[in-house]
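Please open the structure in your viewer and keep the selection panel at hand. The stops below are meant to be taken in order, each beginning with something to select.

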Amino acid sequence: MTSDPRDQQSGPEFEQDLKAVRSAWSGLEQTDPPELLNQAVLNTARRELNTRRRSRPLRWLGGFATATVIVLALTIVIQQDQQQTTPVLKKTNGFKLDQTDPAAPPVTASDAAVMAVAEEMSDSLAESEKATDSIPEADAWIERLLLLRETHQDELLIQELTAFREAFPGYTLPPELQD
Amino acid sequence: MRERSDETLMMAYADGNMEAFELLYSRHRGPLYRYILRQVSDAATANDLFQGSWEKIIKASGSYKPSALCGRQAEEKPDGTRNGLMR
């Protein structure tokens, strides 16, 4: 059978022991790190914060660079979209409109007017190019006709001359070939 | 006024709030120190371990994410058992 120790140690002596045990226990529970250790830890924390504040501008610069790249990319995409909305012209023979391009946007009334003007311009350009190209061709032909005349190949000369007049009706023949 | 959680204090410290760290430190310094002291039974070693632990916490605070359980949240597991390092 157990007995209560307070039965044997009653009175002020027991109370003193109890107080001593309580103070020892509370002293053990209240064991805290030394003040110097606290200061060391807090100083380390402050130093770390200062170090981070010094390196923070670089982080800001990284964000700014990312934003700039995004804005540039968007600008390029928008410009490309705007270029795609204008009619697609391909220089084939002069300026010919490529209306068969599947990527080309639908043509509006104003676009059709622009296309008509462009086609007229391309036709006239092609004609002028053709006329310019034909002058050396006619000169060479005339030289060949003169050679036929000098070599007295009269039948061939008549055939060639008829063909030349059909090809170049407005061309003024040299006096040697006019008779 | 509602008590700020450890996670909130760590995030505040990571954002540059020194007072948040002081509060976090005052909340956990005693329990952590006593835990270490009980494990090693030597004050000098306990001091070294204590300081090293806090230095690691300070260094890692920059990349801290409040996904892991710590402190009071870690004490109560879903099955009702207790867990955690800070007590």
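The tour starts with chain B, goes on to its contact with chain A, and ends in chain A. Keep in mind throughout that this is a predicted model.

**Chain B as a whole**

Select chain B and colour it by secondary structure: you should find 4 helices and 0 strands, which from the N terminus on run α-α-α-α. If you then colour by burial, buried residues make up 17% of the 87 residues in the chain. Among the contacts in chain B between residues at least 6 apart in sequence, 32% join residues at least 24 apart.

**The pair H1(B) and H2(B)**

Next select residues 6-14 of chain B, which form helix H1, together with residues 18-40, which form helix H2; the two pack at an angle of about 140 degrees, with their axes 7 Å apart. The crossing of H1(B) and H2(B) is left-handed. To see the contact itself, show the side chains of Asp6(B), Leu9(B), Met10(B), Ala12(B) and Tyr13(B) on the H1(B) side, which meet Ala20(B), Phe21(B), Leu23(B) and Leu24(B) on the H2(B) side. Sorted by class, this contact holds 8 nonpolar residues, no polar ones and 1 charged residue.

Now centre the view on Leu24(B). Leaving aside neighbours within four places in sequence, Leu24(B) is in contact with Asp6(B), Leu9(B), Met10(B) and Tyr13(B).

**The largest nonpolar core**

Stay with Leu24(B) and add Phe50(B) to the selection: these are the residues with the most contacts inside the largest nonpolar core, which has 17 residues. The elements that give two or more residues to this core are helix H3 (35-85) of chain A and, from chain B, H1, H2 and helix H3 (43-60). H2(B) gives the most, with 6 residues. As background, in soluble globular proteins nonpolar side chains tend to be buried together.

**Where chain B touches chain A**

Select the residues of each chain that contact the other; the contact takes 18 residues from chain B and 15 residues from chain A. On the chain B side, the elements giving two or more residues are H2 and H3 of chain B, and the largest share of that side, 9 residues, comes from H2(B). By class, the side of chain B that touches chain A has 8 nonpolar, 5 polar and 5 charged residues.

**His152(A), in a loop of chain A**

Move to chain A and select His152(A), found in the loop between helix H4 (109-150) and H5 of that chain. Is His152(A) buried or exposed? His152(A) counts as exposed because the number of its C-beta neighbours inside 10 Å is 8, and a residue is exposed at 12 or fewer. Check its backbone as well, since phi of His152(A) is near 60 degrees, a positive value in a residue other than glycine. Most residues other than glycine have a negative phi.

**H5(A) and Leu161(A)**

Finally, select residues 154-167 of chain A, helix H5, whose 14 residues reach 20 Å from the first C-alpha to the last, close to the 20 Å expected at 1.5 Å a residue. H5(A) is hardly covered, the count of buried residues among its 14 residues being 0. Within H5 of chain A, pick Leu161(A), which is partly exposed, with 18 other C-beta atoms within 10 Å. Leaving aside neighbours within four places in sequence, Leu161(A) is in contact with Leu145(A) and Leu177(A). A C-alpha to C-alpha distance drawn from Leu161(A) to Leu145(A) should read 7.1 Å, although the two are 16 residues apart in sequence.

Methods:
Residues are numbered from 1 along each chain as its sequence is written. Chains are lettered from A and ligands numbered from 1 in the order in which they are written. This is a predicted model: local features need pLDDT of at least 70, side-chain atom pairs count only at pLDDT 80 or more; totals for chains, interfaces and linings use all residues. The expected span of a helix is 1.5 Å times one less than its number of residues. A residue is buried if 20 or more other C-beta atoms lie within 10 Å of its own, exposed if 12 or fewer, and partly exposed in between; C-beta atoms are placed from the backbone. Axes are lines fitted to C-alpha atoms, for helices over the stretch in contact, and angles run from 0 to 180 degrees between N-to-C directions. A crossing is left-handed if the near helix is turned anticlockwise from the far one by less than a right angle, and right-handed if clockwise. Two residues are in contact if their C-beta atoms, placed from the backbone, lie within 7 Å. Ala, Val, Leu, Ile, Met, Phe, Trp, Tyr, Cys and Pro count as nonpolar, Asp, Glu, Lys and Arg as charged, and the others, Gly among them, as polar. A nonpolar core is a set of buried Ala, Val, Leu, Ile, Met, Phe, Trp, Tyr and Cys residues joined through C-beta atoms within 7 Å.
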